[in-house]
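Trainee: Please take one part of this model and go through it closely. I would like a connected account, with the pocket lining and the cysteines included.

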Amino acid sequence: MINRNKIKNRITNQEQISNSLFLNLILAFSGGFQDAYTYIVRDKVFANAQTGNIVLMSTYLMEGHLARGLKYLFPLLSFVSGIFIADIVKSKYKNAKALHWRQGIVLAEIAIMIVVGFLPQNTNTLASCMISFACALQLYSFQKVHKNPYASTMCIGNMKSGTTAFAAFLRNRDKKDLFKAFDYMAVVFTFACGAGIGGNFSQLFGEVTIWTSAVLLFVCFLIMDLDRKTGDNAF
């Protein structure tokens, strides 16, 4: 006779593929790549670092440069819209069988990156808004590494959590805290690598550089799809 409680516990204890360090390092690399791309190619607007956009927007508006200030407002609104839409998608398709809702989010991101690569310089505001929207989708959809909260599209929270975990390790000598600190710092380091490579690629290849992120996201989609089909882990 099938022991349903054992099966339920096994599924509960399994680490979701969306929480794995490897998958989220790819997402972090892509997040840094996108931020560098929009700043260098798309008129110095941040895709992920909305705090930076707020600072620049407020500075320009208070200096009386309305047009420059609004350039940063629209990506902010797009980012908020992305969070809102991702929440709706999750609530509506959380139990979908044909395709996991997080995979749908990744496919949407890929489509956005492909379209942005075709947009010319006179549509920089639209391009920045689209990427900010995609970044918000990703930020909402992938929130944990090894069951610990993290962000794949920004660094400050990860730096705080990583430092706190390392301080806890120094106090208690619990290796779990050390591993947690490593996860966070690995994400920060990978994000920085993505930003550095993305910045250099952006200067060389211009608008189409963002297609690199589309490739990285497609790799993530394949990893998630393979895991779903083999049934080794839950999402």
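Mentor: I will start with the cysteines. The model is predicted, and a search of the whole structure finds 0 disulfides. Cys 135 has a relative accessible area of 0%, so this residue is buried, the cut-off being under 20%. Cys 193, at 27%, is partly exposed, because that value lies between the 20% limit for buried and the 50% limit for exposed.

Residue 135 leads to a helix. Helix α6 covers residues 124-141, 18 residues in total. From its first C-alpha to its last, α6 reaches 26 Å, close to the 26 Å expected at 1.5 Å a residue. The helix is mostly covered, with 14 of its 18 residues buried.

A further cysteine, Cys 155, belongs to the lining of the second largest pocket. That pocket has a volume of about 190 Å³. Its lining takes in Asp 35 and Phe 46, then the run Asn 48, Ala 49, Gln 50 and Thr 51. Farther along the sequence, Thr 153, Met 154, Cys 155 and Ile 156 contribute, as does Phe 191. By class, the lining residues divide into 6 nonpolar, 4 polar and 1 charged. Asp 35 is the charged one, because Asp counts as charged along with Glu, Lys and Arg.

Ile 156 also opens the next helix to consider, since α7 spans residues 156-172. Met 159 is found in α7. With a relative accessibility of 43%, Met 159 counts as partly exposed, because the value falls short of the over 50% needed for exposed. Not counting residues up to four places away in sequence, Met 159 touches Met 185 and Val 188. Val 188 is 29 residues from Met 159 along the chain, yet their C-alpha atoms are separated by 7.0 Å.

Met 185 and Val 188 fall within the range of helix α8, residues 175-205, so these contacts of Met 159 join α7 to α8. Leu 178 has its place in α8 as well. Its relative accessible area is 31%, which makes Leu 178 partly exposed. Leaving aside residues up to four places away in sequence, Leu 178 touches Phe 166 and Phe 169. The C-alpha atoms of Leu 178 and Ala 168 are separated by 8.2 Å, with their positions 10 residues apart along the chain counted as the sequence separation. Phe 166 and Phe 169 lie within residues 156-172 of α7, so the contacts of Leu 178 again link α8 with α7.

Methods. Residues are numbered from 1 along each chain as its sequence is written. This is a predicted model: local features need pLDDT of at least 70, side-chain atom pairs count only at pLDDT 80 or more; totals for chains, interfaces and linings use all residues. Side-chain values use heavy atoms; hydrogens and water are left out. On a 1 Å grid over the protein atoms alone, a cavity is a set of points where a 1.4 Å probe fits but cannot get out, and a pocket is an open set with protein on both sides within 12 Å along at least five of seven lines; lining residues have an atom within 4 Å of a point. Grid points are joined across faces, edges and corners, and a volume is the space filled by probe spheres set on the points. A disulfide is a pair of cysteine sulfur atoms within 2.5 Å. Buried means under 20% relative accessible area, exposed over 50%, partly exposed in between (1.4 Å probe, protein chains only). Helices (H or I, at least four residues) and strands (E, at least two) are DSSP runs, numbered from the N terminus. The expected span of a helix is 1.5 Å times one less than its number of residues. Contact means heavy atoms within 4.5 Å.
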